[in-house]
Amino acid sequence: IRQDEEISMKKNVILSSPLPLPQNDSMQICINVDAISCLLQDEKVPLMKFSLKRFYCNIKALSTNEANKCLIVEGKLGLVSIRDLTLFGMLYEERFCTSGTNALVFTYKKEEELIIDKNYYFPTRLSLYLRLTSVQYIHTQRFLMDLINFFDRFQQLQDAFNRMRTAAAGQLISCNAGRSTGILVDIEADSPILILPEHSSNPNVIILHLGNIIINNQFLYENESGTLSFIMNNRNKAEILCLLDVINIQ
């Protein structure tokens, strides 16, 4: 399977040189993009087009000590638009769009322990802070599955390429499963609008105004306060308890 990604940048693109920080082994990069579009194409069939405007990003890589390193990505987007370019998108072409001057504000943080401590849940700790203005999304199952399948195949091909590169370098390819990585999210969306068509070629739709949505999560072991087993008083007496990703939606 061949997948192509075409990226075109318009107007001004400013990439500042890395700025040294006081800490050792640290750097900072600032990126400003006035407009960028990304075409997702599966073989020779265009699937969808992403358009971003007024993109700002500040990337910081820090080494707090010999056993810990941290990556912080902060940024904002002025406009986000996703268009369906398949034959099924003729009636509902613009699937996702935003309004307002700052459509999205985000902070992504990645902390990695270089010396593994078994007391930690994950060797790599991720967190995502996200704030969205009013967004509109037109949902059909086919569009969602096309999007998921594209990135799933892309991930598979990327993994195969990484293995070939590792083998070509004469390094040992590990077949063991690594420790998983969990991400803590803090997401708030202001008055999103969800549109559900009866069919991709049918003009009849259901419009849902979802109001203000807040999504966050935490990692808890079974039987801890906040889990279903604790709330329903159905305690698991096994010696090894599962670590659960408890998601709260308001």
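**Exercise 1. Look just past helix H1 in this predicted model: which residue follows H1, and what is the sign of its phi?**

Solution. Step along the chain beyond H1 and you land on Gly170. Its phi is positive, near 80°.

**Exercise 2. Work out what span the 28 residues of H1 should have, and check it against the end C-alpha atoms.**

Solution. H1 covers residues 141-168. The expected span is 1.5 Å times one less than the number of residues, so for H1 you should get 40 Å. Now take the end C-alpha atoms of H1: they sit 41 Å apart, which agrees.

**Exercise 3. Place Asn212: which strands flank its loop, and what does it touch beyond four places in sequence?**

Solution. Start with the address: Asn212 is in the loop linking strand E13 (202-209) to strand E14 (213-221). Next, exposure: its relative accessible area is 40%. Buried would need under 20% and exposed over 50%, so Asn212 counts as partly exposed. Then list the contacts, skipping neighbours within four places: Glu188, Ala189, Asp190, Ser191 and Gln250. Ala189 is 23 residues away from Asn212 in sequence, yet their C-alpha atoms are 5.9 Å apart. With Glu188, the link is a polar contact between the two side chains, at 3.2 Å.

**Exercise 4. Find out where pLDDT stays under 50, and decide how to read such stretches.**

Solution. Begin with the whole chain: mean pLDDT is 79, and 76% of residues reach 70 or more. Now the weak spots. Residues 1-17 stay under 50, though the model gives them 49 contacts beyond four places in sequence. Residues 19-23 also stay under 50, with seven such contacts. Where pLDDT is low, don't read the predicted coordinates in detail.

Note on methods
Residues are numbered from 1 along each chain as its sequence is written. Side-chain values use heavy atoms; hydrogens and water are left out. Helices (H or I, at least four residues) and strands (E, at least two) are DSSP runs, numbered from the N terminus. Buried means under 20% relative accessible area, exposed over 50%, partly exposed in between (1.4 Å probe, protein chains only). Contact means heavy atoms within 4.5 Å. A polar contact is a pair of N or O atoms within 3.5 Å; within protein, one must be able to donate a hydrogen and the other to accept it, and residues adjacent in sequence count only if both atoms are side-chain atoms. pLDDT is the predictor's confidence in each residue, from 0 to 100.
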